[in-house]
Amino acid sequence: MYKKYHEISDDDFERRSTNIDGKTIYFKEAVSQMIKQEFAALAEKDCKFIFECLILADTLLKKYMPGHSLKNYTAENLDFLIDLWNKNPKNFNCTETEFATSIGSAFGHYVNKTLGSTWTVITHEYGTDFLCQIDHIMLRGFPFSSVLKAVNKKRENSLEHIVRILKQQKEILVSEL
């Protein structure tokens, strides 16, 4: 019997690694009990929220990475901003929530551009969250949660690794169609 997601402890995860594009990426995974989930397109207020977060992300990219903006950034650039934040959040003129949601929006936008996914809202017993999803292969990424974990656990290269893993998973899932 699987545990519910919020009941999973660190000991329940299997530590794994994979080699993608010549890089070894370490990650952990666990299987949780299925729960009822509802998916919906973004409402107008959701689009507005993401747009406002992207404006702050663009400002942060321009300020801390001269020559970069939402027009020409990568997951690695976002990881760099997270590293700067983790070294000294007082250097930023925003709260942790503002920082995490702005970088989460930029990460989701990047995932969508890179993988062809779309923003979706998921609602389940734990609440509501935004995700990037490719419906026909059921590939999902959670950009806001990913950024929050990278900030709270001071993870390095986290977003770059997530994109690489998602790309690999997409290739596998598409080949199985």
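A salt bridge is a side-chain nitrogen of Lys or Arg within 4 Å of a carboxyl oxygen of Asp or Glu. Lys 36 and Glu 38 fit that rule, with N and O 3.4 Å apart.

This is a predicted model: local features need pLDDT of at least 70, side-chain atom pairs count only at pLDDT 80 or more, and totals for chains, interfaces and linings use all residues. Residues are numbered from 1 along each chain as its sequence is written, and side-chain values use heavy atoms, with hydrogens and water left out.

**Exercise 1. Describe how strands E1 and E2 are joined.**

Step 1. Find the elements. Helices (H or I, at least four residues) and strands (E, at least two) are DSSP runs, numbered from the N terminus. E1 covers residues 14–20, and E2 covers residues 23–29.

Step 2. Check the pairing. Two strands pair if DSSP finds at least two bridges between them. E1 and E2 have seven bridges, in the antiparallel sense. One bridge sets Glu 14 opposite Glu 29 of E2.

Step 3. Look at the turn. Two residues lie between the strands of this hairpin. Asp 21 in the turn has a positive phi of about 55°.

**Exercise 2. Find how many salt bridges the structure holds, and follow some of them.**

Step 1. Count. A search of the whole structure gives nine salt bridges.

Step 2. Take Glu 29 and Arg 16. Their closest N and O atoms are 2.5 Å apart. Glu 29 sits in strand E2 and Arg 16 in strand E1, 13 residues apart.

Step 3. Judge the exposure of both. Buried means under 20% relative accessible area, exposed over 50%, and partly exposed in between (1.4 Å probe, protein chains only). Glu 29 has 35%, so Glu 29 is partly exposed. Arg 16 has 35%, so Arg 16 is partly exposed.

Step 4. Take Glu 160 and Lys 23. Here the closest N and O atoms are 2.6 Å apart. The pair links helix H5 to strand E2, with the two positions 137 residues apart in sequence numbering. Glu 160 is buried at 5%, whereas Lys 23 is partly exposed at 33%.

Step 5. Return to Lys 36 and Glu 38, which form a salt bridge. Lys 36 is exposed at 64%, and Glu 38 is partly exposed at 46%.

Step 6. Look for shared partners. Asp 21, Lys 23, Glu 160 and Arg 164 are joined into one network by salt bridges that share partners.

**Exercise 3. Check the span of helix H1, then work out which side is buried.**

Step 1. Compute the expected span. The rule is 1.5 Å times one less than the number of residues. H1 (residues 44–64) has 21 residues, so the expected span is 30 Å. The end C-alpha atoms are 30 Å apart, which agrees.

Step 2. List the buried residues. They are Asp 46, Ile 50, Cys 53, Leu 54, Ala 57, Asp 58, Leu 60, Leu 61 and Tyr 64.

Step 3. Place them around the axis. They cover an arc of only 165°, so they are on the same side of H1. The arc is that of the directions from the helix axis to the C-beta atoms.

Step 4. Turn to the other face. The face of H1 turned away from the buried side carries exposed Glu 44, Lys 45, Lys 48, Phe 51 and Lys 63.

Step 5. Name the neighbours. The buried residues of H1 pack against helix H2 (75–87), helix H3 (96–115), strand E4 (118–124) and strand E5 (127–134). Contact means heavy atoms within 4.5 Å.

**Exercise 4. Decide how many disulfides there are.**

Step 1. Set the rule. A disulfide is a pair of cysteine sulfur atoms within 2.5 Å.

Step 2. Apply the rule. The count is zero disulfides. For Cys 47, the nearest cysteine sulfur is that of Cys 53, 12 Å away. For Cys 53, the nearest is that of Cys 94, 11 Å away.

Step 3. Add exposure. Cys 47 is partly exposed at 40%, but Cys 53 is buried at 7%.

**Exercise 5. Show where the buried residues of helix H4 lie.**

Step 1. List them. In H4 (residues 143–152), Pro 143, Phe 144, Ser 146, Val 147, Ala 150 and Val 151 are buried.

Step 2. View H4 down its axis. These buried residues fall within an arc of 160°, so they line one face of the helix.

Step 3. Move past the end. Just after H4, Lys 154 takes a positive phi of about 50°.
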